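User: Hi, I am new to this one and would like a slow walk through it. Could you put it up on the screen and start wherever you like?

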Amino acid sequence: PPTGPINVELEAVVTDLNRQARVSSTRFLVHPSSIYVGIRASKQFLRPKQAIQFSVETVDISGAAVKDVDAVVTVRRRSYVRVGWTQKEVIEEIATHAVNGQGVW
């Protein structure tokens, strides 16, 4: 297990029906903690307006489940709309849910 902060880079690639890919990535610093929150989607690919479930779990630094930890998860949709010759980013909050350490949302 890490004893100090580590850099994490996440990247997502979405490919449309025309096989055009849109890539986004982010990098951030993570400090060691006694508890971590993990989120897993029930599916990797969705059709438009198809529902999805997320499982939310809390674990310790070794990956063992930790029960009775409160967490709040917020899902936001990021999209882009064309305004004249430019694109404008639109962020819409879809849902916020409080989770008590385990369960499917």
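Analyst: Let me start with a pair of charged side chains: E9 forms a salt bridge with R27, and their closest N and O atoms are 2.9 Å apart. Because E9 lies in strand β1 and R27 in strand β2, the pair ties together parts that are 18 residues apart in sequence. Please keep in mind throughout that this is a predicted model.

User: What lets two side chains pair up like that in general?

Analyst: Side chains of opposite charge can pair when their charged atoms come close.

User: Is E9 buried, partly exposed or exposed, and what about R27?

Analyst: E9 is partly exposed, with a relative accessible area of 48%, whereas R27 has a relative accessible area of 59% and is exposed. The cut-off for exposed is over 50%, so R27 falls in that class.

User: How many salt bridges are there by this rule?

Analyst: The count comes to four salt bridges. One of them is the meeting of the side chains of R77 and E92, at 3.2 Å from N to O. R77 lies in strand β5 and E92 in strand β6, so this pair ties together parts that are 15 residues apart in sequence. R77 is partly exposed at a relative accessible area of 45%, and E92 is partly exposed as well, at 39%.

User: Which residue does R78 form a salt bridge with?

Analyst: R78 forms a salt bridge with E89, and the closest N and O atoms are 3.1 Å apart. This pair links distant parts of the chain, with R78 in strand β5 and E89 in strand β6, eleven residues apart. As for its surroundings, E89 counts as partly exposed, at 38% relative accessibility.

User: Switching topic to empty space, how does one find it at all?

Analyst: Rolling a probe the size of a water molecule over the atoms shows where empty space is left.

User: And what volume does the largest pocket have here?

Analyst: The largest pocket has a volume of about 2,400 Å³. It is lined by 38 residues, and the closest of these to its centre are V14, Q44, L46, R77 and R78. Two of those names came up a moment ago, since R77 is in the salt bridge with E92 and R78 is in the salt bridge with E89.

User: Which strand gives the most to that lining?

Analyst: Strand β5 gives the most to the lining of the largest pocket, with eight residues. At least two lining residues each are supplied by β1 (6-15), β2 (21-30), β3 (36-41), β5 and β6 (86-100).

User: How do the lining residues divide into nonpolar, polar and charged?

Analyst: The lining of the largest pocket divides into 21 nonpolar, eight polar and nine charged residues.

User: OK, now the outside. Which residues make the nonpolar surface patch?

Analyst: V81, V83 and V90 make a nonpolar surface patch of about 200 Å². Of these, V83 has its place in strand β5, which covers residues 70-83, and V83 counts as partly exposed at 45% relative accessibility.

User: Changing again to the backbone, what is phi of R19 near?

Analyst: Phi of R19 is near 65°, a positive value in a residue other than glycine. R19 is found in the loop between β1 and β2, and it is exposed, with a relative accessible area of 75%. Phi of K49 is near 65° too, again a positive value in a residue other than glycine. K49 has its place in the loop between β3 and β4 (54-59), and at 88% relative accessibility K49 counts as exposed.

User: How far is K49 from G38, going by C-alpha atoms?

Analyst: The C-alpha atoms of G38 and K49 are separated by 24 Å, and the two residues are eleven residues apart along the chain. G38 sits in strand β3 and counts as partly exposed, at 30% relative accessibility.

User: And what separates I52 from S42?

Analyst: Their C-alpha atoms are separated by 6.3 Å, with I52 and S42 ten residues apart along the chain. I52 is in the loop between β3 and β4, and at 27% relative accessibility I52 counts as partly exposed.

Definitions and conventions
Residues numbered from 1 in each chain as written. Predicted model: local features only at pLDDT ≥ 70, side-chain atom pairs only at ≥ 80, totals over all residues. Heavy atoms only, no water. Patch = residues over 30% accessible without salt bridge, like charges linked within 9 Å, V, L, I, M, F, W, Y side chains within 5 Å. Areas by Shrake-Rupley, 256 points an atom, 1.4 Å probe, with all protein chains shown as cover. Helix = DSSP H or I, 4+ residues; strand = E, 2+ residues; numbered from the N terminus. Buried < 20%, exposed > 50% of the residue type's maximum accessible area, 1.4 Å probe, protein only. 1 Å grid on protein atoms, 1.4 Å probe; cavity = no way out; pocket = protein on both sides within 12 Å on 5 of 7 lines; lining within 4 Å. Points joined across faces, edges and corners; volume = space filled by probe spheres on them. Nonpolar A, V, L, I, M, F, W, Y, C, P; charged D, E, K, R; others polar.
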